[in-house]
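Q: Could you take a close look at one part for me, the aromatic rings and the sheet around them? I'd like the pairings walked through in one go.

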Amino acid sequence: MPPKRKAAASEAKTKKAKKAVSTEEEATSDSPPAKASSNGTDFTSEAKNKDGKSWNLKISSWNVNGIRAWLKNNGIGYIGQEKPDVFCVQETKCGKEKIPKECENLDGYHSYFNSADKEGYAGTALFSKAKPLNVKYGIGIEKHDDEGRAITAEYDKYYVVTSYVPNSGKGLVRLNYRTREWDKDLLNYLKDLDSKKPVIWCGDLNVAHKPIDLANPKSNYNKTSGYTQAEIDEFSKVLESGFVDSFRHLYPEEKGAYSFWTYMGNARGKNVGWRLDYFVISERLVPNLCDNVIRSKVMGSDHCPIVLMLAM
């Protein structure tokens with residue numbers, strides 16, 4: 001069982017904060033990344049599953065908002081502190097030929113990168129201590145795969161899929177593409193994998209699923225990308241197809257638990273945020289679930305890392 005802990009933020013503090021005007025791609029393009037810092041985070045854990053078995057698999061996921069800027073700000077130091085077995089990265093914003101050598105040759109890890117055709121845009125990466133049986137880039141559909149939004153690593157007992165789900169954009173200009181094409185095709189891809197072995201799907205999924213998952217649900221509903229009914233419905237379909245939002249499974253009522261804050265208006269200091277980053281797991285992995293932690297104190301991006309611990 002996950003250890004007891006304090007709520008992520010007080011309800012009163014959240015109510016006093018100003019409206020979060022937008023999600024990541026809308027609000028952050030001109031803002032510099034914060035200097036990477038763990039701010040006294042305790043990276044140790046004694047979490048166990050319901051049967052009392054301690055975790056032995058740790059996976060971390062982080063939208064770094066540009067891997068080169070993240071590296072310059074010592075983001076890589078987080079890996080040495082967290083020590084994940086698998087580290088998944090979204091929004092690398094870096095072409096294949098420009099991947100920093102420090103990332104390509106990260107000590108103790110096998111490194112995999114899926115860059116967008118467009119320089120400085122989207123992109124994903126995966127670092128793994130154990131060499132996967134197989135690695136796939138994209139989901140096998142050309143119209144989606146040129147943006148470098150997904151990597152799948154196959155292991156003996158499970159798949160790890162990391163993805164950077166398309167943002168619907170200012171004015172919701174990509175909402176139809178995202179919900180009518182990407183979301184549907186990705187769900188079919190996940191279901192196909194799940195028919196073979198359990199799936200751990202993680203990353204910046206660009207949706208706040210419930211009102212509890214963002215600071216200002218009323219003012220953002222059907223106006224801001226990441227919190228439209230269409231996006232909510234498509235994510236609900238994933239959870240109705242044999243998958244589980246591991247954080248809400250463990251912490252169904254925890255408020256103020258966010259993983260993204262716009263750089264504007266001191267949103268992070270006020271905890272005016274969104275929970276956009278998830279570990280979604282196959283239902284049959286729920287007995288293995290020990291904890292899901294949001295590392296809200298870890299700086300270095302407009303997102304913070306999230307961590308999944310399983311007893312495998």
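A: Here's a walk through the rings, and then the sheet. First, the fine print: this is a predicted model, where local features need pLDDT of at least 70, side-chain atom pairs count only at pLDDT 80 or more, and totals for chains, interfaces and linings use all residues. Residues are numbered from 1 along each chain as its sequence is written, and side-chain values use heavy atoms, with hydrogens and water left out.

The structure has 11 aromatic pairs, a pair being Phe, Tyr or Trp rings (the six-membered ring for Trp) with centres within 6.5 Å; planes under 30 degrees apart count as stacked, over 60 as edge-to-face and the rest as tilted. One of them is W62 with W70, an edge-to-face pair at 5.9 Å centre to centre and 90° between the planes. Both W62 and W70 are buried, meaning under 20% relative accessible area, with exposed being over 50% and partly exposed in between (1.4 Å probe, protein chains only).

F113 and F127 also pair: their ring centres are 5.6 Å apart and their planes sit at 90°, so this one is edge-to-face. F113 belongs to strand 3 (residues 110-114) and F127 to strand 4 (residues 124-128), so the pair ties together parts that are 14 residues apart in sequence. Strands here are DSSP runs (E, at least two residues), numbered from the N terminus. F113 is buried at a relative accessible area of 14%, and F127 is buried at 1%. Those four rings belong to one aromatic cluster, made up of F43, W62, W70, Y78, F87, F113 and F127.

Now the sheet. It's an open one of six strands in the order 3-4-2-1-12-11, with mixed pairing; two strands pair if DSSP finds at least two bridges between them. Strand 3 and strand 11 (289-294) are the edges, each pairing on one side only. From one strand to the next, the twist averages 10°, going by axes that are lines fitted to C-alpha atoms, with angles that run from 0 to 180 degrees between N-to-C directions.

At the strand 11 edge, five bridges join that strand to strand 12 (residues 306-310), and the two run antiparallel. I294 has I306 of strand 12 as its bridge partner, while D291 stands opposite M309 in strand 12. Edge or not, six of the six residues of strand 11 are buried, so that strand is largely enclosed by the rest of the structure.

Key: Helices (H or I, at least four residues) and strands (E, at least two) are DSSP runs, numbered from the N terminus.
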